[in-house]
Amino acid sequence: QVQLVESGGGLVLPGGSLRLSCTASGSITSIKTMGWYRQVPGKERELVASILSGYSPDYDDSVRGRFTISRDNAKNTVYLQMNSLKPEDTAVYYCNAEIGHGGTHFYPYWGQGTQVTVSS
């Protein structure tokens, strides 16, 4: 079994910052891509940022220059530093990781989601 546990969401004023963390635990041999998605009611979940070790991170255009994704492979943890937050960044943020269990395949796992609200 694998668990992804997120933390760091909350309420912040426009222009403020938050840092999300997501740690994977359980039966893990290796982790390929780690990423952050977000979802608002009535809309599909969308990719915010992703990171694959050894490659440049990938960002949605709406957050490029404001958000920074990073990972600590020793801790099986991915972070999302969010600066200059806007009301339209309000959403539930989900962590995703592609995890291997010793074979050749990697399987996607999701965190439970953490609410980020940007409001004055």
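**Exercise 1: Asn-96 and its surroundings**

Find the backbone oxygen that the side chain of Asn-96 reaches, and then describe where Asn-96 sits.

*Solution.*
- Step 1. The side chain of Asn-96 comes to 3.3 Å from the backbone oxygen of Tyr-109. The term to know here is polar contact: a pair of N or O atoms within 3.5 Å, where, within protein, one must be able to donate a hydrogen and the other to accept it, and residues adjacent in sequence count only if both atoms are side-chain atoms.
- Step 2. Before going on, know your model: it is predicted, local features need pLDDT of at least 70, side-chain atom pairs count only at pLDDT 80 or more, and totals for chains, interfaces and linings use all residues. Residues are numbered from 1 along each chain as its sequence is written, and side-chain values use heavy atoms, with hydrogens and water left out.
- Step 3. Asn-96 belongs to strand E9, residues 91-100. Helices (H or I, at least four residues) and strands (E, at least two) are DSSP runs, numbered from the N terminus.
- Step 4. Asn-96 counts as buried because its relative accessible area is 9%. The cut-offs are under 20% for buried, over 50% for exposed, and partly exposed in between (1.4 Å probe, protein chains only).
- Step 5. Now list the contacts, meaning heavy atoms within 4.5 Å. Setting aside residues up to four places away in sequence, Asn-96 touches Leu-4, Thr-33, Met-34, Gly-35, Tyr-37, Pro-108, Tyr-109 and Trp-110.

**Exercise 2: The whole chain**

How many helices and strands does the protein have, and how does its radius of gyration fit that of a compact globule?

*Solution.*
- Step 1. There are zero helices and 11 strands. Following the sequence, you read β-β-β-β-β-β-β-β-β-β-β.
- Step 2. The radius of gyration is taken over C-alpha atoms, and the globule rule is 2.2 Å times the number of residues to the power 0.38. For 120 residues a compact globule would come near 14 Å, and the protein has 14 Å, so the two agree.
- Step 3. Along the principal axes, the C-alpha atoms fill a box of roughly 50 × 25 × 25 Å.
- Step 4. Of the 120 residues, 38% are buried.
- Step 5. Take the contacts between residues at least 6 apart in sequence: 55% of them join residues at least 24 apart.

**Exercise 3: Ile-69 and Ser-50**

Decide whether Ile-69 is buried or exposed, and do likewise for Ser-50.

*Solution.*
- Step 1. Ile-69 is placed in strand E7, while Ser-50 is placed in strand E5, residues 46-52.
- Step 2. Ile-69 is buried because its relative accessible area is 4%. Ser-50 is buried too, because its value is 15%.
- Step 3. Beyond its neighbours within four places in sequence, Ile-69 has contacts that include Met-34, Gly-35, Trp-36, Ser-50, Tyr-59 and Val-78.
- Step 4. Turn to Ser-50, again not counting residues up to four places away: Ser-50 touches Thr-33, Met-34, Gly-35, Pro-57, Asp-58 and Ile-69.

**Exercise 4: Separation in sequence and in space**

What distance separates the C-alpha atoms of Lys-32 and Leu-52, and what distance separates those of Tyr-107 and Lys-86?

*Solution.*
- Step 1. Lys-32 and Leu-52 are 20 residues apart along the chain, with C-alpha atoms 6.2 Å from each other. Lys-32 lies in strand E4, residues 30-39, and Leu-52 is among its contacts, as are Arg-71 and Glu-98.
- Step 2. Tyr-107 and Lys-86 are 21 residues apart along the chain, and 33 Å separates their C-alpha atoms. Tyr-107 lies in strand E10, residues 106-110, and touches Ala-97, Glu-98, Ile-99 and His-101, leaving out residues up to four places away in sequence.
- Step 3. Lys-32 is partly exposed because its relative accessibility is 40%. Tyr-107 is partly exposed because its relative accessibility is 42%.

**Exercise 5: Backbone angles in two loops**

What is the phi of Asn-76, and what is the phi of Ser-84?

*Solution.*
- Step 1. Recall the background: most residues other than glycine have a negative phi.
- Step 2. Asn-76 has a positive phi, near 50 degrees. Ser-84 also has a positive phi, near 50 degrees.
- Step 3. Asn-76 is in the loop between strand E7 (67-72) and strand E8 (77-82), and Ser-84 is in the loop between E8 and E9.
- Step 4. Asn-76 is partly exposed because its relative accessibility is 24%, and Ser-84 is partly exposed because its relative accessible area is 40%.
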